[in-house]
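Reader: I am in my first year of study and would like a close look at a single part of this protein. Could you please examine the salt bridges with me, and explain where their partners lie?

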Amino acid sequence: MASYDVIVIGSGPGGYVAAIRCAQLGLKTACVEGRETLGGTCLNVGCIPSKALLHATHMLHEAEHNFAAMGLKGKSPSVDWKQMQAYKAETIGANTKGIEFLFKKNKIDWIKGWASIPEAGRVKVGDDVHEAKNIIVASGSEPASLPGVEVDEKIVVTSTGALELGKIPKKMVVIGAGVIGLEMGSVYARLGSEVTVVEYLDAITPGMDAEVQRSFQKILTKQGLKFIMGAAVQKTETTKSKAKVHYKLRKDDSEHVLDADTVLLATGRKPYTDGLGLGDLGVEISERGQIKTDAQWQTNIKGIYAIGDAIAGPMLAHKAEDEGMACAEVLAGKHGHVNYGVIPGVIYTHPEVANLGATEEELKKDGRAYKVGKFSFMGNGRAKANFAADGFVKILADKDSDRILGAHIIGPMAGDLIHEICVAMEFGASAQDLALTCHAHPTYSEAVREAALACGDGAIHA
Ligand code: NAI
């Protein structure tokens, strides 16, 4: 029986980061992973492969729409779907091998197989039982199902199947206008599919700032995505190669049907804890299937911790990573901490969308006195030169103290731009602190400074 200080179950961004930090802090560490490769959903069938497809198809979009205007003449590139899939596979491979290398470098044992926890202090993988002073469950999440919609990962797919369709569909119906639906919907729209998104609510991307939601939907519509809002999908029917999607409009209960070659089900994800034996152990689970933990990520069973998508909070790789690092520090006797108020969310469409902290709607609901500083990328020289002037930066600050309370960006590189505001918020900065910071010209980041200026005496280029 091998004996460890820590065994981490799952090697996604939460698990592998926790394992590396545990090892760096001097703890004898193993990580159990049942997939062929390390990296979990994010690296194998999520964040990384989808970004490869988003990048390739964005290049195609640029060639088709903007090259001629920049004086780059000639035939637009044609799509070699097989090669695009190979590029995606290579990207995955480079990343998963990178983690294998980091495990070796940090002397972390990769225990191959699926784990269960027969009792606190023991992890069973196949016929082997390993001993661990502490266990971190980082088992992630899986697509949530929708009654009446049977997934076969060929015609009716989740995000996993959507990454490796046999061919580019002529007609695609996306169920759910959330992050996955819009990212993958964008990929296929750029590849020439007729994409229709069916959304239950009246706005896309639930929980986002309403102004961003409206602007985002307009931009995506301009890019060719069709939206059917306020529509509840009832069921799908499939034949050998096609599907029908039945939905009901909430406003009048009228029933409609859409034809599709591919249906993408993207109505959320749920914690994945199957086979771990948590029920028999008496680990408390919430009504939503999330493992309950205290503020230091320990479950109600001493020595069993949980992080990432399997517990409460946004299902984001970087939130899991932060919890992984902090949990490792707790196990090493240090003070691990995650600031849940400063976790950015990013949608990697073009333009990108990034959100942080409070939305205007939340501030109104809380009765907070706030001010808004907004700046359009139309006033940003770099964005105009790059045909990327769609969108804006919006900063929300406390009306009296000027402290930044939230930020919402739709525009080029929004996912990168948001981070200077993350740092500012971590330091409790005011909008004026950002506004007084010199920003290089010409960069997209000037739009962030201008929005901060707009919280005070006004933006310069507005
Ligand atoms: P989501 O929760 O973002 O969106 C699901 C959408 O489906 C909602 O708008 C909901 O109203 C709608 N819906 C639910 N039932 C419906 C029905 N019967 N008919 C029509 N619409 C319906 O879920 P999504 O996009 O599946 O993503 C899952 C998780 O993965 C999220 O937590 C997301 O944050 C995470 N993720 C994050 C990414 C990123 O950070 N870029 C990328 C991909 C996933």
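Author: The following paragraphs consider the salt bridges one pair at a time, and then turn to an aromatic pair.

The model is predicted. Side chains of opposite charge can pair when their charged atoms come close. The structure holds 20 salt bridges, and three of them are described here in detail.

Consider Lys394 and Asp209, whose side chains meet in a salt bridge at 2.8 Å, N to O. This pair links distant parts of the chain, since Lys394 belongs to strand S21 while Asp209 is in the loop between strand S10 (194-198) and helix H7 (210-222), 185 residues apart. Are these partners buried or exposed? Lys394 has a relative accessible area of 0% and is therefore buried. Asp209 likewise counts as buried, because its relative accessibility is 0%, and the cut-off for this class is under 20%. Both residues also belong to a network of salt bridges, in which Asp209, Glu211, Glu360, Lys364, Lys374 and Lys394 are linked.

A second bridge joins Asp390 and Lys222, with the closest N and O atoms 3.6 Å apart. Here again distant parts of the chain are linked: Asp390 is in the loop between H11 and S21, Lys222 is in helix H7, and 168 residues separate them in sequence. Asp390 is partly exposed, with a relative accessible area of 33%, whereas Lys222 counts as exposed at 64%.

The third bridge is formed by the side chains of Glu183 and Lys51, at 3.0 Å, N to O. Glu183 lies in helix H6 and Lys51 in helix H3, so that distant parts of the chain, 132 residues apart, are linked. Glu183 is buried, its relative accessible area being 7%; Lys51, at 25%, counts as partly exposed.

Helix H6 also takes part in a contact of another kind. A pair of aromatic rings is described by the distance of the centres and the angle of the planes. A search of the whole structure finds one such aromatic pair. Its members are Trp81 and Tyr188, arranged edge-to-face, with 5.9 Å from centre to centre and 65° between the planes. Because Trp81 lies in helix H4 (residues 81-105) and Tyr188 in helix H6 (residues 179-190), the pair ties together parts that are 107 residues apart in sequence. Both Trp81 and Tyr188 are buried.

Note on methods. Residues numbered from 1 in each chain as written. Predicted model: local features only at pLDDT ≥ 70, side-chain atom pairs only at ≥ 80, totals over all residues. Heavy atoms only, no water. Phe/Tyr/Trp six-rings, centres within 6.5 Å; stacked < 30°, edge-to-face > 60°. Helix = DSSP H or I, 4+ residues; strand = E, 2+ residues; numbered from the N terminus. Buried < 20%, exposed > 50% of the residue type's maximum accessible area, 1.4 Å probe, protein only. Salt bridge = Lys/Arg side-chain N within 4 Å of Asp/Glu carboxyl O.
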